[in-house]
Amino acid sequence: MVKEYYRPESLGEALDLLARPGALALAGGTYALAFEARDKPERVVDLASVLPRAVEAKGGALSIGAGATFQELIESEAIPSAIKAAAATMSNRNTRNRATVGGNLGANKSCSSLAPVLLALGASATIAERGKAPATTSLESWIAAPRGVILSVEVRLEPGLKVAALRHSRTACDVATATAACAFRLDGGKVAGLRIALGGFGPRATLRPDLAALFEGRPLPPKTDIEKSVSPLLSAISDVRGSAEYKRLRGAALVADALHAAEDLS
């Protein structure tokens, strides 16, 4: 159970506190609320006062502060519709009012609402580590090997890019069974620069270049053909949310639906 609670007023103080054994970073706190009592940390560090939360689009670049809530993403005129759609998959507004961009990414769960679409968009992350100046790295590399605290996420708003993000779960409020996001351009009627990201098929959301290679440089196939191509490349485990076979089929269908639902980044 929680025995120590800290709310630092500076980033340096926060990083010092997080360096202590057993410390957990809190943003909105929605992830920690889901912990079983026996798993709750003894020491928590509330980052609400030190995380930027501004959302800005300028010069073809989008910057999202890690402290921005899901509801703020949905209401921001700067946020593209595909990212709004990903944020809206967190269906409970009370949760969206607390859940933050940094918290969702920092939890690094396979069912992350935002990670797939941000990975598909090739996002980068500005991170802070103790004793170091803030640095920028690809979000893909940070998710593979988390370190420090995410301060903001940056996305290039490329003209002509088509993007979609979809989710499947048993109920609207349940954790996702599978998530899929894609981003690509059409060049002469053929798919170009395709990036596909999936959640639900491993410990964290990941880019799937093997899936993208199936369709790169080709006209977009019908949904049934996409599902047949993708399904053999997916692997999952059976659990309370469905059998491995069910998840594999749902994942393939999500990829097909996402590719055909992709709209211009706006």
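User: What counts as a pair of strands here, and which residue of strand 5 stands opposite E56?
Analyst: Two strands pair if DSSP finds at least two bridges between them. In this predicted model, strand 4 (residues 55-58) and strand 5 (residues 61-65) run antiparallel and are joined by 4 bridges. The residue of strand 5 opposite E56 is S63.

User: Which residue in the turn between strand 4 and strand 5 has a positive phi?
Analyst: Strand 4 and strand 5 form a hairpin, with 2 residues between them. The turn residue with a positive phi, about 60 degrees, is G59.

User: Which residue of strand 8 is the bridge partner of A61?
Analyst: Strand 5 also pairs with strand 8 (residues 149-156), in the antiparallel sense and over 5 bridges. The partner of A61 in strand 8 is R156.

User: Why do strand 12 and strand 13 each have one side without a neighbour in the sheet?
Analyst: An open sheet is formed by 5 strands with antiparallel pairing, in the order 12-11-10-9-13. Strand 12 (206-207) and strand 13 (263-264) stand at its edges, so one side of each lacks a neighbour because each has a single partner strand.

User: What angle does the direction of helix 11 make with that of strand 9?
Analyst: Helix 11 (residues 244-261) packs on the sheet, where it touches strand 9, strand 10, strand 11 (190-199) and strand 13. Its direction and that of strand 9 make an angle of about 150 degrees.

User: Which residue in strand 10 is the bridge partner of K162?
Analyst: Strand 9 (residues 162-168) and strand 10 (residues 178-187) run antiparallel, joined by 7 bridges. The bridge partner of K162 in strand 10 is F184.

Note on methods. Residues numbered from 1 in each chain as written. Predicted model: local features only at pLDDT ≥ 70, side-chain atom pairs only at ≥ 80, totals over all residues. Heavy atoms only, no water. Contact = heavy atoms within 4.5 Å. Axes fitted to C-alpha atoms, helices over the stretch in contact; angles between N-to-C directions.
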